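Here are a few notes to read alongside the model. Have it open and follow the points in order.

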Amino acid sequence: MAINPNEDLKNQHLLAMGMSGSGKTYFIRNHPIIKRRGVRLVAFDAYETHDVNFSKSMAGFHKNFVDAVKSGKSFRLGLSVSPTVENFEKFCRLIWAAADGNKELVVIIGELADVASSGKASEFWGRLVRVGRKYGVILFAETQRPQEIDKTIFTQAGRKWVGYLEPYDHAYVEKNVGLEKMSLSTIEVDTYEHFYKHGSSIQRGTRNKKVKI
Ligand SMILES: Nc1ncnc2c1ncn2[C@@H]1O[C@H](COP(=O)(O)OP(=O)(O)O)[C@@H](O)[C@H]1O
Ligand SMILES: [Mg+2]
């Protein structure tokens with residue numbers, strides 16, 4: 001059960017959308033919250049794209065995670081199992097049980113569309129998204145298929161990174177992210193260009209021009 005709710009904690013959740021290879025993982029890897037030395041970080045990442053110590057089984061991850069939390073030290077742990085809704089729910093349940101409003105816990109999700117439905121968020125994932133913030137949870141979710149994830153994360157993630165997407169997704173993402181005044185069609189494939197939206201501020205980043213986070 002999550003403990004020590006703290007209403008003063010800011011919403012730092014980030015949702016990164018873009019085609020495979022558009023630069024989502026690169027952006028997250030280089031994010032100051034992720035690079036922080038004392039970070040407590042876990043990743044659900046079936047394809048092992050993030051820089052963490054992976055467990056290949058739920059039981060192994062469970063043990064490593066519980067030990068790491070108990071140690072009081074920083075950690076970077078990953079779970080690399082088949083990306084099913086069931087496995088993801090088990091992962092989210094472990095996170096929820098350990099969440100503590102006095103200590104940040106960063107959670108990366110390698111491909112949300114594999115494990116989240118476009119309807120309502122599953123139980124523990126839904127809790128992390130809706131109330132995780134006040135229990136110190138900071139979510140960094142990646143998706144290649146923004147139309148296949150639940151709407152909750154769209155409304156709850158205060159920060160959005162949008163890289164190259166196929167035209168099929170443009171109208172949906174422009175509308176749901178609030179990029180109506182920008183055009184996603186101006187982002188060319190393989191350029192790593194992107195929009196970054198935080199509150200009402202929208203920036204355009206390129207390979208050489210970093211956005212202010
Ligand atoms: N802004 C960037 N500048 C230089 N190389 C980048 C940039 N963004 C991504 N890359 C490189 O492109 C490749 C794919 O990026 P990645 O972040 O893994 O894509 P995604 O997570 O969207 O599938 C990686 O080799 C990565 O290092
Ligand atoms: Mg990636």
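1. Start at the hairpin: β8 and β9 form one with two residues between them, and G199 in the turn has a positive phi of about 60°. This is a predicted model, where local features need pLDDT of at least 70 and side-chain atom pairs count only at pLDDT 80 or more, while totals for chains, interfaces and linings use all residues. Residues are numbered from 1 along each chain as its sequence is written, and chains are lettered from A and ligands numbered from 1 in the order in which they are written.

2. Now the pairing in that hairpin. β8 (residues 194–198) and β9 (residues 201–205) run antiparallel, joined by five bridges; H194 sits opposite G205 in β9. Strands here are DSSP runs of E with at least two residues, helices are runs of H or I with at least four, and both are numbered from the N terminus. Two strands pair if DSSP finds at least two bridges between them.

3. β8 has another partner in β7 (residues 159–162), again antiparallel, with four bridges. Look for V162, whose bridge partner in β8 is F195. Four of the five residues of β8 are buried (20 or more other C-beta atoms within 10 Å of the residue's own, against 12 or fewer for exposed and partly exposed in between, with C-beta atoms placed from the backbone).

4. What about G178, in the loop between α8 (167–177) and β8? G178 is partly exposed, with 15 other C-beta atoms within 10 Å. Its C-alpha atom is 8.6 Å from that of S200, although the two residues are 22 apart along the chain.

5. Zoom out to the open sheet: nine strands with mixed pairing, in the order β3-β4-β2-β5-β6-β1-β7-β8-β9. β3 (53–55) and β9 are at the edges with a single partner strand each, so each has one side without a neighbour in the sheet. On average, neighbouring strands are turned by 15° against each other, direction ignored. For a parallel pair, try β5 (residues 105–109) and β6 (residues 137–143), with five bridges; V106 stands opposite I138 in β6.

6. Last, the helices. α3 (residues 58–71) and α4 (residues 85–98) pack at about 15°, axes 11 Å apart (axes are lines fitted to C-alpha atoms, for helices over the stretch in contact, and angles run from 0 to 180 degrees between N-to-C directions). The two are therefore roughly parallel (under 35 degrees; over 145 is roughly antiparallel, 65 to 115 roughly perpendicular and the rest oblique).
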